[in-house]
Amino acid sequence: DNQRFVGIAPWRQSYRSYDAFSAALGRPGGWRARYAYLDRVNYNNGSRPALDGHLFHVSRASGVGEFSAYAYLLDWGSEDRAALSSGTFGARLQGSRTLRGTDILYLAEYARQVDHGDNPGEFSLDYAHAVLGARKDPWTLQVGWELKDGDGTSAVQTPLGTNHGKNGFADRLVVTPPDGSQDRYVSLRIDRKTWAGYVAYHDFQAARGGADLGREVDLQARYSATRALSLHFKLARYWADTLSQDTTKVMLWATWSLDVL
């Protein structure tokens, strides 16, 4: 899916990887089923925690979009990560319809995350994500809402997800606070062959109690100087209310692509 719960978290030349095995079964245009067993996670920072992880995922493309259902069972092997042991059970639908030359985009996802394995706590929490948007030529406008529930002690966590940018480029919500979070956001993207731009606004509130957590504005730009060379810029400005502190992040990078026969 969108790597919210399981991903590779690409960062420079260091991608997250897994000591694991997986199996897949399916056919074009029909149901596809995947299973993976995870024994260890190799994080970008060099840590390699062990776990007993079972990932189940089924999906099928239909006339209304791509439907998927999943169950992710994670039991971490160390005491310091036991509170992250969880079972996440969910379903997701993403698709688009064309209306008078404009693509109408939509996404709906719901999951329930519960304690699992050696987790010392007990919780049963909601995750939800809804997006509605429109795309015409190079322009894409989207409005979304994402809920990561919390009960004051535990909250929905995504320790295997590709978390950067999911709730803003400043990464203030990579670890969900105990009261959970709601992210109400709007984004506008333009994508052309030689350049692209993106701007987004996020309003964060606690899922439990509704306290204001903070607000954020994100900007991103790409310029393709040549066929091989692209220059990138990313800016995040976070204004804190009750979560973290005011934060500004600026990221600059370049990519060079080389075709090798």
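Is W31 buried, partly exposed or exposed? With a relative accessibility of 45%, W31 counts as partly exposed. The structure is a predicted model, and the values below are computed from it.

**Aromatic pairs**

Across the whole structure, a search finds 10 aromatic pairs. One of them joins F5 and Y127 in an edge-to-face arrangement, with 5.1 Å from centre to centre and 75° between the planes. F5 belongs to the segment before β1 (17-26) and Y127 to strand β7, so this pair ties together parts that are 122 residues apart in sequence. Both F5 and Y127 are buried. W31 and F67 form another edge-to-face pair, at 6.3 Å centre to centre and 90° between the planes. This pair links distant parts of the chain, since W31 sits in the loop between β1 and β2 and F67 in strand β4, 36 residues apart. F67 is partly exposed, at a relative accessible area of 32%. Ring pairs also link F5, Y70, Y72 and Y127 into a cluster.

W31 can be placed against one further residue, S62. S62 is part of strand β3 and is partly exposed, with a relative accessible area of 41%. The C-alpha atoms of S62 and W31 are 10.0 Å apart in space, while the two residues are 31 apart in sequence.

**Nonpolar cores**

F5 reappears in the largest nonpolar core, which has 17 residues. The residues with the most contacts inside this core are F5, V41, L51, L55, L74, W76 and L160. Elements that give two or more residues to the core are β2 (32-42), β3 (50-62), β4 and β7 (124-136). Strand β4 supplies the largest share, four residues.

What does L160 touch, leaving aside its neighbours within four places in sequence? Its contacts are F5, V6, G7, R16, Y18, L38, V41, Y43, L74 and W76. Of these, F5, V41, L74 and W76 are also listed among the core residues with the most contacts. Another core lies apart from the largest one; it has 12 residues, among them Y198, F204, L213 and L243.

**Salt bridges**

Side chains of opposite charge can pair when their charged atoms come close. In this model the count comes to 10 salt bridges. Three of them are set out here, with the distance between the closest N and O atoms.

| Salt bridge | Closest N and O atoms |
|---|---|
| D103 and R135 | 3.4 Å |
| R112 and D126 | 2.3 Å |
| D246 and R237 | 4.0 Å |

D103 forms its salt bridge with R135 at 3.4 Å. D103 lies in strand β6 (residues 102-115) and R135 in strand β7, so the pair ties together parts that are 32 residues apart in sequence. D103 is partly exposed, at 22% relative accessible area, and R135 is partly exposed at 33%.

The salt bridge between R112 and D126 has its closest N and O atoms 2.3 Å apart. Here too the partners come from strands β6 and β7, R112 from the former and D126 from the latter, so the pair ties together parts 14 residues apart in sequence. R112 has a relative accessible area of 29% and is partly exposed; D126, with a relative accessibility of 21%, also counts as partly exposed.

In the bridge between D246 and R237, D246 counts as partly exposed at 44% relative accessibility, and R237 is partly exposed with a relative accessible area of 27%.

**A buried aspartate without a salt bridge**

Which side chain of opposite charge is nearest to D75? R81 is the nearest, but R81 is 10 Å away, and D75 is buried yet has no salt bridge. The cut-off for a salt bridge is 4 Å, so a distance of 10 Å falls outside it.

D75 is found in strand β4 (residues 65-76). Polar partners are nevertheless present around D75. The side chain of D75 makes a polar contact with the side chain of S85, at 3.4 Å. A polar atom of the D75 side chain also lies 3.2 Å from the backbone nitrogen of D118. Not counting residues up to four places away in sequence, D75 touches L51, D52, S85, H116, G117 and D118. One of these, L51, is also among the residues with the most contacts inside the largest nonpolar core.

How values were computed: Residues numbered from 1 in each chain as written. Predicted model: local features only at pLDDT ≥ 70, side-chain atom pairs only at ≥ 80, totals over all residues. Heavy atoms only, no water. Buried < 20%, exposed > 50% of the residue type's maximum accessible area, 1.4 Å probe, protein only. Lys, Arg positive; Asp, Glu negative; His and termini not counted. Polar contact = N/O pair within 3.5 Å; in protein donor to acceptor, adjacent residues only side chain to side chain. Contact = heavy atoms within 4.5 Å. Core = buried A, V, L, I, M, F, W, Y, C linked by side-chain atoms within 4.5 Å. Phe/Tyr/Trp six-rings, centres within 6.5 Å; stacked < 30°, edge-to-face > 60°.
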